[in-house]
Amino acid sequence: MEASNGHEVPKVASIKTLADSASFTFVPSEYTYTKNPNEQGDANDPEHSIPIIDFALLTSGSPDQRAKVIQELRRACEEWGFFQVTNHGVPENLMQSMIDTCHRFFDLPEEEKKEFQTRNLLDPIKCGTSFNVDIEKVHLWRDFLKVIAHPEFNSLYKPAGYSEVSLEFSKRTREVATEILKGISESLGLEADYIAKAMNWDRGLQILAANYYPACPQPDKAIGIPPHTDHGLVTLLIQNEMGGLEVKHKDQWVLVNAAPGTFIVNIGDQMQILTNDKYKSIWHRAVVNNKATRISIAVPHGPSLDTPALPIPELLEREGQTPKYIGMTYEKFMELQASPAALTKPCLDHLRVKHN
């Protein structure tokens, strides 16, 4: 099988094809994933509720309200690395339309999706299954669609309506991400546009990454996405009514109960580098269920591809610290994350300054 650009693609059936087969009652061995039984979380523990940031107060509240939200944002970044954003102004029906449109893409016949299958990391449109079937030991219980929406907007011509919905959704989501980035800058005692300028945000990468997790007959024996951190600055995520995002907090896996219409936001690796570990990129995973299909759309926002993240000098000076990371362009960092080297140790560890 080849993609339209002539590159071979893996000969692994989509998880949708597998899950739709009538005789399907167990998890095949190549999808069998063993979780650590000591790492089960409790989503109902009030201590395990991820913080909520009121976007309206961040952007249009009084100076006192904004200052209070900036402090809440700082605590959320320091203590969790994850938070929910409410009152963000993106219409809930637009968020739902984006989920529905992506669902329609995954429902297309496999033949119609072949032209978008590719191995190339930064192809503007790519779909597939699992993560990297060439190097992984266990296949993931998910299909994906990744479309680069910024600095150049790319789109699909099918299913009908995808282009219009994704254009509006990516634009509105990026506006929210831009304001969150300003708030994070200020929470660090910097000018609001400091990080945006340093990371060439105006040319920054934005990806619409849709994930399709069908119901699984043995959810404890499979994984949607194993523990990982995100490569960018901030990721905004929406999902349908089926939860499945778990966050590692105080060595426990916590199931995120997100309110409808909210964005779930998390700090990425580039932000951890910039803040010299003050704000950490938190490990998270996607678990599967035996009831219904879960669809999530993660929207990572990063620097421009040619920009290396380095610890911010003003923060180092204020804290009396030395840099913990060496520089690497965002493009090289993304290549590292998709390489076999990322299987042996976390990507950030490859960039840590070695002290003799």
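Here a student and a tutor talk through a predicted model and the reasons behind its labels.

Student: How do you know that β7 and β10 pair?
Tutor: Two strands count as a pair if at least two bridges are found between them. β7 (residues 234-239) and β10 (residues 263-267) have 4 bridges, so by that rule they pair. They run in the antiparallel sense, and Thr235 stands opposite Asn266 in β10.

Student: Which bigger arrangement are those two part of, and what is the order of its strands?
Tutor: An open sheet of 8 strands, in the order β1-β2-β10-β7-β12-β5-β4-β3, with mixed pairing.

Student: What makes β1 and β3 edge strands?
Tutor: Each has a single partner strand, so one side of β1 (52-54) and one side of β3 (125-129) are left without a neighbour in the sheet. From one strand to the next, the twist averages 25 degrees.

Student: What makes you say that helix α3 packs on the sheet?
Tutor: Look at what α3 (residues 63-79) touches: β1, β2 (82-86) and β10. Touching here means heavy atoms within 4.5 Å. The direction of α3 makes about 155 degrees with that of β1.

Student: Why is β8 called largely enclosed?
Tutor: A residue is buried if its relative accessible area is under 20%. In β8 (residues 245-249), 4 of the 5 residues are buried, so the rest of the structure largely encloses this strand.

Student: Which strands does β8 pair with?
Tutor: β8 is joined to β11 (residues 284-286) by 3 bridges and to β9 (residues 252-255) by 4 bridges. Both pairings are antiparallel. Leu245 stands opposite Ala286 in β11, while Val247 has Val254 in β9 as its bridge partner. The hairpin of β8 and β9 has 2 residues between the strands, and Lys250 takes a positive phi near 55 degrees there.

Student: How do you know that the buried residues of α10 are on the same side?
Tutor: Those are Tyr330, Phe333, Met334, Leu336 and Gln337. They cover an arc of only 155 degrees around the axis, so they sit on the same side of α10. They pack against β5 (206-213), α8 (269-274), α11 (341-344) and α12 (347-351).

Student: What makes a group of residues a nonpolar core?
Tutor: Its members are buried nonpolar residues such as Leu or Phe, joined through side-chain atoms within 4.5 Å. The largest one has 77 residues, and Leu145 and Phe263 are among those with the most contacts inside it. Helix α6 (residues 162-187) gives the largest share, 8 residues. Apart from it lies another core of 10 residues, including Ile50 and Leu245.

Definitions and conventions: Residues are numbered from 1 along each chain as its sequence is written. This is a predicted model: local features need pLDDT of at least 70, side-chain atom pairs count only at pLDDT 80 or more; totals for chains, interfaces and linings use all residues. Side-chain values use heavy atoms; hydrogens and water are left out. Axes are lines fitted to C-alpha atoms, for helices over the stretch in contact, and angles run from 0 to 180 degrees between N-to-C directions. Buried means under 20% relative accessible area, exposed over 50%, partly exposed in between (1.4 Å probe, protein chains only). The arc is that of the directions from the helix axis to the C-beta atoms.
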